[in-house]
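Subject: A structure for you to explore

Hello,

Here is the structure I promised to pass on to you. Please open it in your viewer and keep it beside this email while you read.

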Amino acid sequence: MNLVWGLSMIIIGLFFLICSTVKSEFIVYRLMVARSKLLWREENRVHRFYQFTGLIIMTLGALWALGIIWSP
């Protein structure tokens, strides 16, 4: 089960990383950017935030899939 959830986290992190790098016009990403812009004020800071978040989520997902963290 760790493998399934870990791979899911990696896919979500990859989505964040790719969309923020190319500044995607995908509707789900644009909605997240619009929401985050209220906090960060500048759109470039929002994209950088999602790049960083994507990397963290991918790293944690890989560790979880390998059973290094959160394994019973």
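Before we start, one term: two residues are in contact when they have heavy atoms within 4.5 Å of each other. Please also keep in mind that this is a predicted model.

**Helix H1**

Let's begin with H1, which runs over residues 2-22. With 21 residues at 1.5 Å a residue, H1 should span 30 Å, and its end C-alpha atoms are indeed 30 Å apart, so the two values agree.

Which residues of H1 are buried? They are Gly6, Met9, Gly13, Phe16, Cys19 and Ser20. If you look down the axis of H1, these buried residues fall within an arc of 165°, so they line one face of the helix. They pack against H2 and H3. Now turn the helix around: the face that points away from the buried side carries the exposed residues Leu3, Ile11 and Val22.

**The nonpolar core**

Next, try selecting Met9, Phe16, Cys19, Tyr29, Val33, Val46, Tyr50, Ile57 and Trp64. Together these 9 residues make up the largest nonpolar core. Each of H1, H2 and H3 supplies at least two residues of this core. Which helix gives the most to it? That is H3, with 4 residues.

Isoleucine 57 is a good place to zoom in. If you leave aside its neighbours within four places in sequence, isoleucine 57 is in contact with Met9, Gly13 and Phe16.

**Aromatic rings**

The structure holds 6 aromatic pairs. One to look at joins phenylalanine 16 and tyrosine 50: the ring centres are 5.3 Å apart and the planes meet at 65°, so this pair is edge-to-face. An angle over 60 degrees is what earns that name. Phenylalanine 16 belongs to H1 and tyrosine 50 to helix H3 (residues 43-65), so the pair ties together parts that are 34 residues apart in sequence. Are these two residues buried or exposed? Phenylalanine 16 is buried, and tyrosine 50 is buried too.

Both also belong to a wider group: Phe15, Phe16, Phe26, Tyr29, Trp40, Phe49 and Tyr50 form one aromatic cluster.

**Salt bridges**

Now for the charged residues. Side chains of opposite charge can pair when their charged atoms come close. How many salt bridges does a search of the whole structure find? It finds 3.

- Arginine 30 pairs with glutamate 25, and their closest N and O atoms are 3.9 Å apart. Glutamate 25 is exposed, with a relative accessible area of 63%, while arginine 30 counts as partly exposed at 23% relative accessibility.
- Arginine 30 also meets glutamate 43 in a salt bridge, at 3.2 Å from N to O. Arginine 30 lies in helix H2 (residues 27-40) and glutamate 43 in helix H3, so this pair ties together parts that are 13 residues apart in sequence. Glutamate 43 counts as partly exposed, at 30% relative accessibility.
- Lysine 37 and glutamate 43 meet in a salt bridge as well, at 3.4 Å from N to O. Lysine 37 counts as partly exposed, at 31% relative accessibility.

Put together, Glu25, Arg30, Lys37 and Glu43 are linked in a network of salt bridges.

**Two backbone angles in the loops**

The last stop is the backbone. Most residues other than glycine have a negative phi, and most peptide bonds are trans. Where, then, should you look for positive values? Lysine 23 is one place to look: its phi is near 50°, a positive value in a residue other than glycine. Lysine 23 follows H1 and sits in the loop between H1 and H2. At 42% relative accessibility, lysine 23 counts as partly exposed.

Arginine 41 is another such residue, with a positive phi near 70°. Arginine 41 sits in the loop between H2 and H3. It is exposed, with a relative accessible area of 65%.

That is the tour. Enjoy exploring, and write back with any questions.

Best wishes

Technical notes:
Residues are numbered from 1 along each chain as its sequence is written. This is a predicted model: local features need pLDDT of at least 70, side-chain atom pairs count only at pLDDT 80 or more; totals for chains, interfaces and linings use all residues. Side-chain values use heavy atoms; hydrogens and water are left out. Rings of Phe, Tyr and Trp (its six-membered ring) pair if their centres lie within 6.5 Å; planes under 30 degrees apart count as stacked, over 60 as edge-to-face and the rest as tilted. Buried means under 20% relative accessible area, exposed over 50%, partly exposed in between (1.4 Å probe, protein chains only). A salt bridge is a side-chain nitrogen of Lys or Arg within 4 Å of a carboxyl oxygen of Asp or Glu. A nonpolar core is a set of buried Ala, Val, Leu, Ile, Met, Phe, Trp, Tyr and Cys residues joined through side-chain atoms within 4.5 Å. The expected span of a helix is 1.5 Å times one less than its number of residues. The arc is that of the directions from the helix axis to the C-beta atoms.
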